[in-house]
Amino acid sequence: MIPVGHTTRRKDLPVPAPRRPPDSAAAVLHAILQHGPVARSSVARVTRLSAATVTGATAALLRQRLIREVPEAAGPPGMGRPHVPLDVEPAAVGVIGVHVAVPCTTVALLDLRGRVLDEHRAPHGERDPGSVLAALGGGIAAMRREHPRRRILGAGLATGGWVDAANGTVIEHPVLGWRDVPAGAVLAEATGLPVRVDSNSRALLRAEQLFGAARMRESAAHLFVGNLVDVAFAAGGVVHEGPRSAAGAVAHLPVEGCAEACPCGRVGCLQVAVSERVVVRRALAAGLIDRPEIGDLVDAAAGGRAEAVRMLRDRARLVGRAAALLLDLFDPEVLVVAEAGVNRLPGCLATVRGEVAAHSSAGVDAVRIVHPSSFPDSVLAVAGGAVALHRVYASPLGRT
Ligand SMILES: [Zn+2]
């Protein structure tokens, strides 16, 4: 405790961390992503950078082929220097997005707008980290061979569970049984690419910030519901990780009306109540689907099978209760709920919004605040790709 009347001396102050200068190339690239095609003068206006700084940054970004000048929009000749608009480069470069799910892995190629250009999915052979990462190294190499003309800027790996993004480590994946797996270092060694690793929910929140429902928003939250359940949130445009990289672990949030036993020893935890595995198991037992695929259950519901609709609505109700709690906790401008039924079925989205309206102080604003995933057909590929694209947009000239 500081005694009354004590003056803080310089030697008593904590040593500050070295301050990084703002990355003007990152600000310029981000402005071009959000507003492109856009003139340099407009980039200067939205970034509040000087014209000279914008000119320098765009020259460097053009050299790296991260942006391009859009030729067809150039002004007529002889009218002085035309305002040639700039846009994100669509063809020369890309990133590899990798996702590790409970049953399978996904390897995808994405462009700088987060569009999935190619995607391969394969069930796991062995599920141990060494086997899965070796298979992924092969998958990444194969993808690069198929697209030899595109320069790959890096790879990103997204997975469920507890992930330390700073160290590229999967600390714990409870269903796969992974512990302290240095996935980033292993894949970087195998591929020669810079590799980043992050959790599903943080990765997808970053994708929503760059390309989706959370664009231009200061605050946003993301609830991911797959086999694992996790949450990410951002304030001031920055995704919170926490000192242990553990923010958003809501798997064991108690929910009402669920009698399912959780591996943690309790009953009625959110993750067992809404996990894809549990829903798929019930759907198989009820004869609604022939193989353990949540997509097949969503197809059955979309085709009008009443029992499939009921099963997904029940799940959406529980997801909606959790969403209501998250809204009251974070009060974000946008809450994205990425769940197979909510992503594709308007009735499931309405159920989530209805639960939020009934149980959260957000009330009638639920429709404005709660959104399905912006990437319903490619959630896994976009999650992995967003991990790599976040690095590109945060530090486009590699100044990390
Ligand atoms: Zn539990």
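How are α1 and α6 oriented relative to each other, roughly parallel or roughly perpendicular? Keep that in mind while you load the model, which is a predicted one.

**Stop 1: α1 and α6**

Select residues 200–211 for α6 and display α1 alongside; the two axes come within 9 Å and cross at roughly 70 degrees. An angle from 65 to 115 degrees counts as roughly perpendicular, and so α1 and α6 are roughly perpendicular to each other. Now turn on side chains. On the α1 side, pick His 30, Leu 33 and Gln 34; they meet Gln 209, Leu 210 and Phe 211 of α6.

**Stop 2: α1 and α2**

Stay with α1, which covers residues 24–35, and add α2, residues 40–47. These helices pack at about 110 degrees, and their axes are 10 Å apart. That makes α1 and α2 roughly perpendicular to each other as well, and their crossing is right-handed. To see the contact, show Ala 27, Val 28, Ala 31, Ile 32 and His 35 from α1 together with Val 43, Val 46 and Thr 47 from α2.

**Stop 3: the loop that links them**

Next, click on Pro 37, in the loop between α1 and α2. What kind of peptide bond joins Gly 36 and Pro 37? It is a cis bond, with omega at about -5 degrees. For context, most peptide bonds are trans.

Pro 37 also leads you to another residue: Val 70 touches it, along with Val 84, Pro 85, Leu 86 and Asp 87. Val 70 sits in the loop between β1 (67–69) and β2 (86–88). Although it is in a loop, Val 70 is buried, at a relative accessible area of 5%.

**Stop 4: α6 and α14**

Go back to α6 and add α14, residues 379–394. Here the axes are 8 Å apart and the packing angle is about 70 degrees, so α6 is roughly perpendicular to α14. The crossing of α6 and α14 is left-handed. Select the α6 side of the contact: Asn 200, Ala 203, Leu 204, Arg 206, Ala 207, Leu 210 and Phe 211. Facing them from α14 are Val 379, Val 382, Ala 383, Ala 386, Val 387, Leu 389, His 390 and Tyr 393. Leu 210 and Phe 211 may look familiar, since they were among the α6 residues that meet α1.

**Stop 5: α10 and α12**

Color helix α10, residues 306–330, and center on Ala 323 within it. Is Ala 323 buried or exposed? With a relative accessible area of 0%, Ala 323 is buried. Around it you'll find Leu 223, Leu 335, Val 337, Val 352 and Val 356, each of which it touches. One of these neighbors, Val 337, is 14 residues away in sequence and 7.7 Å away in space, C-alpha to C-alpha.

Now bring up helix α12, residues 346–359, and pick Glu 355. Is Glu 355 buried or exposed? Glu 355 is buried, at 14% relative accessible area; the cut-off for buried is under 20%. The residues it touches include Arg 317 and Arg 321, and also Gly 320, Ala 324 and Ser 360.

**Stop 6: the zinc site**

Time for the metal. Which protein atoms are the donors of the zinc ion? Select ND1 of His 252 and the SG atoms of Cys 262, Cys 264 and Cys 269; these lie 2.0 to 2.3 Å from the zinc. Along the chain, the donors follow the spacing H-x9-C-x1-C-x4-C. The site is tetrahedral, with angles of 101 to 117 degrees among the 4 donor atoms. For reference, the ideal angle for four tetrahedral donors is 109.5 degrees. Switch to a surface view to check two of the cysteines: Cys 262 is buried at 8% relative accessibility, and Cys 269 is buried at 2%.

For a sense of scale, draw a distance from Gly 265 back to Val 70: the two are 195 residues apart in sequence and 59 Å apart in space, C-alpha to C-alpha.

**Stop 7: two positive phi values**

Most residues other than glycine have a negative phi. Ser 245 has a positive one, near 60 degrees. You'll find Ser 245 in the loop between β13 (238–239) and α7 (270–274), where it is buried at 7% relative accessible area.

Finish at Asp 180, in strand β9, residues 178–181. Its phi is positive too, at about 45 degrees. Asp 180 is exposed, with a relative accessible area of 53%.

Notes. Residues are numbered from 1 along each chain as its sequence is written. This is a predicted model: local features need pLDDT of at least 70, side-chain atom pairs count only at pLDDT 80 or more; totals for chains, interfaces and linings use all residues. Side-chain values use heavy atoms; hydrogens and water are left out. Donors are N, O and S atoms within 2.8 Å of the metal (3.2 Å for Na, K and Ca); water is not among the atoms, so sites may look incomplete. Four donors count as tetrahedral if all angles lie between 85 and 135 degrees; four count as square planar and six as octahedral if opposite donors are over 155 degrees apart and all others between 65 and 115; anything else is irregular. Buried means under 20% relative accessible area, exposed over 50%, partly exposed in between (1.4 Å probe, protein chains only). Helices (H or I, at least four residues) and strands (E, at least two) are DSSP runs, numbered from the N terminus. Contact means heavy atoms within 4.5 Å. Axes are lines fitted to C-alpha atoms, for helices over the stretch in contact, and angles run from 0 to 180 degrees between N-to-C directions. Angles under 35 degrees count as roughly parallel, over 145 as roughly antiparallel, 65 to 115 as roughly perpendicular and the rest as oblique. A crossing is left-handed if the near helix is turned anticlockwise from the far one by less than a right angle, and right-handed if clockwise. Lists of a residue's contacts leave out its neighbours within four places in sequence.
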